[in-house]
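Colleague: I am new to this structure, and I would like to know what stands behind the words used for it. Could you take me through them?

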Amino acid sequence: MPVYKYSVLKGDPQSGRVAGPADKPPHYHIEVLAGGVRYQVAVNIESANGSEVLYLINDAYTPPDTSALTTLPPGMTQLAGVDGNPAVDYVRSRAGGRPIVTRSAMTLLPLPGGAGSGNLQNAVIDFLNRAVADQNGTIYAFGSQYTDGTGIHDIHLNQGNPVNYARDNGVWQDGMLVFHMPGSNQWAAVFIAFQSESWSTDGNGEPA
């Protein structure tokens, strides 16, 4: 079954902080203002045994279709989870004839305490600060809506999961962060996946 209400949140980034239950890996929570409403974006920033994080930081990102993003209204837009921009699929989305991301280009985030274990968090904070500093800086967060609609999570690959997370498998429903800084004409993106997820999937997002 696909993730709950696959959506993209577009808005004005405000601030960020590390938060999360004591018994789970922490997330970086970004506060976003859109249409007078405050939303929260919860981003996985730490590896854990059995769910090691893979990540890619792209500070020269080219969206498959920039107009599909810039013409979105502020706030939460639910997507159909089918082939077509702006929906995201790590395995199938292409820009300029090339995949927007490949597994081989991603880096394994070390477990807490290891050298480089804070790299993902630092990159998210850096992009956030740049977007906040830009008068028209915008964030686009792709993932699954909170059940109460106040935020978005599952900001990562959402297909190829093993049996224990197979309920989330689907195509054209992957999560990612995109930052647009018009003042410097820059797009940047953060891609996140888990080592346990397969990149060879069938039409239902199940491991092929």
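**Rings, strands and a cavity**

Modeller: Gladly! Across the whole structure, a search finds 5 aromatic pairs. This is a predicted model, in which local features need pLDDT of at least 70 and side-chain atom pairs count only at pLDDT 80 or more, while totals for chains, interfaces and linings use all residues. Residues are numbered from 1 along each chain as its sequence is written, and side-chain values use heavy atoms, with hydrogens and water left out.

Colleague: Why is the contact of Tyr90 and Phe191 called an edge-to-face aromatic pair?

Modeller: Rings of Phe, Tyr and Trp (its six-membered ring) pair if their centres lie within 6.5 Å; planes under 30 degrees apart count as stacked, over 60 as edge-to-face and the rest as tilted. Tyr90 and Phe191 are 5.5 Å apart centre to centre with 75° between the planes, an edge-to-face pair. Tyr90 sits in the loop between β5 (75–78) and β6 (94–95) and Phe191 in strand β12 (residues 186–194), so the pair ties together parts 101 residues apart in sequence. Strands (E, at least two residues) are DSSP runs, as are helices (H or I, at least four), numbered from the N terminus.

Colleague: What makes the pair of Tyr90 and Trp199 tilted?

Modeller: Here the angle between the planes is 45°, at 5.8 Å centre to centre, and that counts as tilted. Both Tyr90 and Trp199 are buried, as is Phe191; buried means under 20% relative accessible area, exposed over 50%, partly exposed in between (1.4 Å probe, protein chains only). Ring pairs link Tyr61, Tyr90, Phe191 and Trp199 into a cluster.

Colleague: How do you know that β2 and β3 pair?

Modeller: Two strands pair if DSSP finds at least two bridges between them. β2 and β3 (residues 37–44) have 8, in the antiparallel sense, with Arg38 in β3 as the bridge partner of Leu33. Their hairpin has 2 residues between the strands, and Gly35 takes a positive phi near 60° there. β2 (residues 27–34) is also joined to β1 (residues 6–19), antiparallel, by 7 bridges.

Colleague: What makes an empty space a cavity?

Modeller: On a 1 Å grid over the protein atoms alone, a cavity is a set of points where a 1.4 Å probe fits but cannot get out; lining residues have an atom within 4 Å of a point. The count comes to 1 cavity of 30 Å³ or more. The largest cavity has a volume of about 100 Å³, and 15 residues line it, with Tyr61, Pro64, Asn85, Pro86 and Val88 nearest its centre.

Note on methods:
1 Å grid on protein atoms, 1.4 Å probe; cavity = no way out; pocket = protein on both sides within 12 Å on 5 of 7 lines; lining within 4 Å. Points joined across faces, edges and corners; volume = space filled by probe spheres on them.
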